[in-house]
Amino acid sequence: VIELYAVVDADGPPLPPALSAVTRDGLAFVCAPAREQKLSPERLWEHEAVIESLMADRDLVPVRYGSRVEDEGAAARALEERHRELARALDGVRGAIELSVRVLGDRADASPKVEEAASGAEYLRAKVRSAVAEARISHAVHEPLERLARAAMQRPCTSPGELLRGAYLVERAGVDDFVRQVSDLQAQHPELRLLCTGPWPPYSFSAS
Amino acid sequence: VRDKLLHTPPDIDLFATERPRLDALTRRVNADPESVERGLAQLVLTIVELLRQLMERQALRRIDGGALDEDQVERLGRTFMELDKRMAELREEFGLDEEDLNLNLGPLGNLL
């Protein structure tokens, strides 16, 4: 059984020693013999580290952790069957990486907690407040960042006080400008807390 | 992880209050035969959550438009609070997070 890590161009730089490539028509699956099945945060980070080491010197479409096939023949068949889709995905992220931006705001703008609402009307009013705050942040923070990105998406906010959870597909050469824009936005909005992380493999832009 | 921080606010600790989760693993309906029940619950609750959000948006729009009196707003609010509470209980029961109640629709993006 082998584990899949990423889809890359077949004619890229040589792979690190522990990894091998299964190639078909210009594309390659990067893979390695599968190890123990037990899932842990450490295993996930190892998987991530392998993908990131590849990302340093080539474009790639990351494969979700836990994608295993029987042998190299099965990997080749999978590559053949989904060749068009994977080639399109790789073209879509070529030359770019993913950056993540999260924004925390005032707790007063947070989505209301059932336990804290004094009445039904108060609960709904708090809902309206948080919807308005999210829309405001989308306009004030997400839109200027989106303009610096090849593609962008927003995920639903889940933690208390969170107003934006954005993913941005940014040209490798444009990362510094993007981060500078984040710093500028932070300076313009001292009431917010902006966190920018990356570069990440383009997980949010590799629909597969 | 430190070298992943490109811009940080002075009080970065505020971002560290969530419990860690194995994000990428749960965003799809789990088809593992050993967890079919959980996968099915996830699918059903996702659809219920979709309807809940649609109704909520509708309600907020009606309130915004001033079409409802105080009593109606209070009753609506109570209803949504009950729904919210019940959803949280069901999620808890099946070990699901809010983010689990979303489906990746491929090129169409996420359902919610």
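Helix axes that meet at angles over 145 degrees count as roughly antiparallel. Keep that cut-off handy for the first close-up of this predicted model.

**Figure 1. Helices α4 and α5 of chain A cross each other.** Here we look at α4(A), residues 120–146, and α5(A), residues 175–188, whose axes come within 10 Å and cross at roughly 160 degrees. With the cut-off at over 145 degrees, α4(A) and α5(A) are therefore roughly antiparallel to each other. As for handedness, the crossing of α4(A) past α5(A) is right-handed. On the α4(A) side, the contact is made by A:A140, A:V141, A:P144 and A:L145, while α5(A) brings in A:F178, A:Q181, A:V182 and A:L185. Sort these contact residues by character and you get seven nonpolar, one polar and no charged.

**Figure 2. An open sheet takes strands from chains A and B.** Follow the five strands across and you'll read β7(A)-β8(A)-β6(A)-β9(A)-β1(B), with antiparallel pairing. Which strands stand at the edges? They are β7 (151–154) of chain A and β1 (5–7) of chain B; each has a single partner strand, so one side of each is left without a neighbour in the sheet. Going from one strand to the next, the twist averages 25 degrees.

**Figure 3. Strands β6 and β9 of chain A pair up.** Zooming in on the sheet, we find β6(A), residues 96–104, joined to β9(A), residues 193–200, by six bridges, with the two strands running antiparallel. Try spotting a couple of partners: A:L104 sits opposite A:R193 of β9(A), and A:V101 has A:C196 as its bridge partner. How many of the eight residues in β9(A) are buried? Six of them are, so to speak, tucked away: the strand is mostly covered.

**Figure 4. Strand β9 of chain A meets strand β1 of chain B.** This close-up shows where the sheet goes from one chain to the other. Two bridges link β9(A) with β1(B), again in the antiparallel sense. Look for A:C196, which stands opposite B:H7 in β1(B). You've already met A:C196 as the bridge partner of A:V101.

**Figure 5. Chain A provides the setting for the close-ups.** Chain A has five helices and nine strands. Starting at the N terminus, the elements go β-β-β-α-β-β-α-α-β-α-β-β-α-β. Its C-alpha atoms fill a box of roughly 60 × 35 × 30 Å along the principal axes. Of the 208 residues in chain A, 50% are buried. Now take the contacts in chain A with a separation of 6 or more: 72% of them are between residues 24 or more positions apart.

Technical notes
Residues numbered from 1 in each chain as written. Chains lettered and ligands numbered in written order. Predicted model: local features only at pLDDT ≥ 70, side-chain atom pairs only at ≥ 80, totals over all residues. Heavy atoms only, no water. Pairing = 2+ DSSP bridges. Helix = DSSP H or I, 4+ residues; strand = E, 2+ residues; numbered from the N terminus. Axes fitted to C-alpha atoms, helices over the stretch in contact; angles between N-to-C directions. Buried < 20%, exposed > 50% of the residue type's maximum accessible area, 1.4 Å probe, protein only. Parallel < 35°, antiparallel > 145°, perpendicular 65-115°, else oblique. Left-handed = near helix turned anticlockwise from the far one by under 90°. Contact = heavy atoms within 4.5 Å. Nonpolar A, V, L, I, M, F, W, Y, C, P; charged D, E, K, R; others polar.
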